[in-house]
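Please walk me through this structure in the viewer, one selection at a time. I would like to know what to select and what is there.

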Amino acid sequence: GLYQLQAGEYLLWRKGSDALSRESYYDFFATAFRDEGQEALIHELDQATDAIFSRLMEDAAGRPVFVPLSGGLDSRLVLCKLKQLGYDNLRSFSYGPPGNYEAKGGKWVAEKLDVPWTFLPTLRKNASRFFHSNARTGYWEYGWHLATLPFIQDIQTLWEENDSATFPRDAVFVNGNSGDFITGGHIPKLCAGPGPFSGRDLVDAILHKHFALWPELLHQEGMGRIRANILEQARVPGPEATLSPQELAAHHELWEWRERQCKYVVNGQRSYDFMGYAWFLPLWDDEWFHFWQDIPLALKLRQNLYKTYLETFNWYGVFREFPVTIWRWPGAAISIVPLARAVGLVSRKAQAKLYHWFSYWGHYRHLNAQFGRTTFHTHQSRIRGFNSLLAARVLCEQNLLHLVPELPCPGVAGEKTVPCH
């Protein structure tokens, strides 16, 4: 008997009636496509982006603005626009395991723009302390609401710096989350093919990307219901429906906008809410939605228009040339790459297994460490990554694990007993 509104929906109650109706006021779904030339579109995109950041700067009202830098296109754009448009109280930072390459990229960008930059290492030895803290349990309750996994990528960093001078209480966080999605970065690769495709192709693409934290569950009973739900949320009439590449991309983006970006990625901003900080999400602004929604597939595929836009203006020289390769193996862990390449000459399957085994010490080592090496490697052959363990643990702590009896309740580092229910 519990229901939640989806993104872009509202409930309408008509006075004098007992009936509630669910209505939609917005969907990120293209029904027609623009035909302007690329040069005109780039000019319009820059005007929209300037308008978004001008409003953001006015609302920030001189407060210290902190930009998390990963070295990616979106965080580079956020910092460049704030700098270009003249926001003075501007700072940047990167976090994660020592020696990680996202931080190296972030430092390079900050130096090019002459913006103060700080590195905040997220250490494995602190992961257990955070996991067993009241802050962690409180945040999980605050951040999931039966609709999503709690977004845990940066909450430990915010918690560790809460009583320090790093982030003043009036700090405003501005990141580039979901910019990669809205500009076409999540369109399935198969859309580059000639088609036609079917509704089944769409469902298969979504299942193997978003429903495979524990891949064995893809073969359990109940997948028919999930497949039907995917078709309904993507607005595809049935598995045999014929879709052109452009239609497949549009339906896929509709599903991911509603089911992943809104529920999980954008919901990650709740980590700032939980710690009492203000935030802005400029690449999730209405003007960007209205611009990108109707861009033809050829310009959105592989983010073609977006990358051309960034390279055309090339603010502060950080887009045409980026000297840092973003490896997923920080510090000494980079030594796994030549070993895996050698193994790959013999067997690609063995190479993938090697990478997966050593991923415990990879870029997300601080997140894996919350569960500990024993738990990670006990279940390593069954999981995709730390979110796999997180999903099972959330269900366990919420007394809901009986709904998925195939899953274990993963233990965590420093825990003597596993609280299975």
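The tour below covers a helix pair, then a cavity, then a pocket.

**Before selecting anything**

Bear in mind that the model is predicted.

**Stop 1: a helix pair**

Select residues 336–344, which form helix α15, and residues 348–358, which form helix α16. The axes of the two helices are 7 Å apart, and the packing angle is about 155°. Because angles over 145 degrees count as roughly antiparallel, α15 is roughly antiparallel to α16. The crossing of α15 past α16 is right-handed.

Now show side chains at the contact. On the α15 side, display Ile336, Val337, Leu339, Ala340, Arg341, Val343 and Gly344. On the α16 side, display Arg348, Ala350, Gln351, Leu354, Tyr355 and Phe358. Coloured by class, the contact of α15 with α16 shows 9 nonpolar, 2 polar and 2 charged residues.

**Stop 2: the cavity**

Rolling a probe the size of a water molecule over the atoms shows where empty space is left. How many cavities of 30 Å³ or more does the count give? The count comes to 1. The largest cavity holds about 100 Å³ of space.

To centre the view there, select Phe33, Ala250, Glu253, Gln293 and Lys300, the residues nearest the centre of the largest cavity among the 13 that line it. Then add the elements around them: α10 (245–265) and α13 (297–300) are those that give two or more residues to the lining of the largest cavity. The largest share comes from α10, with 4 residues. By class, the lining of the largest cavity divides into 9 nonpolar, 2 polar and 2 charged residues.

**Stop 3: the second largest pocket**

Keep α10 on screen and add α12 (286–292), since each of these helices supplies at least two residues of the lining of the second largest pocket. Which element gives the largest share of this lining? The largest share, 3 residues, comes from α12.

For the full lining of the second largest pocket, select Ala7, Gly8, Tyr25, Tyr26, Trp257, Cys262, Trp284, Asp286, Phe289 and His290. The space in this pocket is about 170 Å³. Its lining has 7 nonpolar, 2 polar and 1 charged residues.

**Last view**

To finish, show α10 alone with both sites: α10 gives 4 residues to the lining of the largest cavity, and α10 also supplies at least two residues of the lining of the second largest pocket.

Note on methods
Residues numbered from 1 in each chain as written. Predicted model: local features only at pLDDT ≥ 70, side-chain atom pairs only at ≥ 80, totals over all residues. Heavy atoms only, no water. Axes fitted to C-alpha atoms, helices over the stretch in contact; angles between N-to-C directions. Parallel < 35°, antiparallel > 145°, perpendicular 65-115°, else oblique. Left-handed = near helix turned anticlockwise from the far one by under 90°. Contact = heavy atoms within 4.5 Å. Nonpolar A, V, L, I, M, F, W, Y, C, P; charged D, E, K, R; others polar. 1 Å grid on protein atoms, 1.4 Å probe; cavity = no way out; pocket = protein on both sides within 12 Å on 5 of 7 lines; lining within 4 Å. Points joined across faces, edges and corners; volume = space filled by probe spheres on them.
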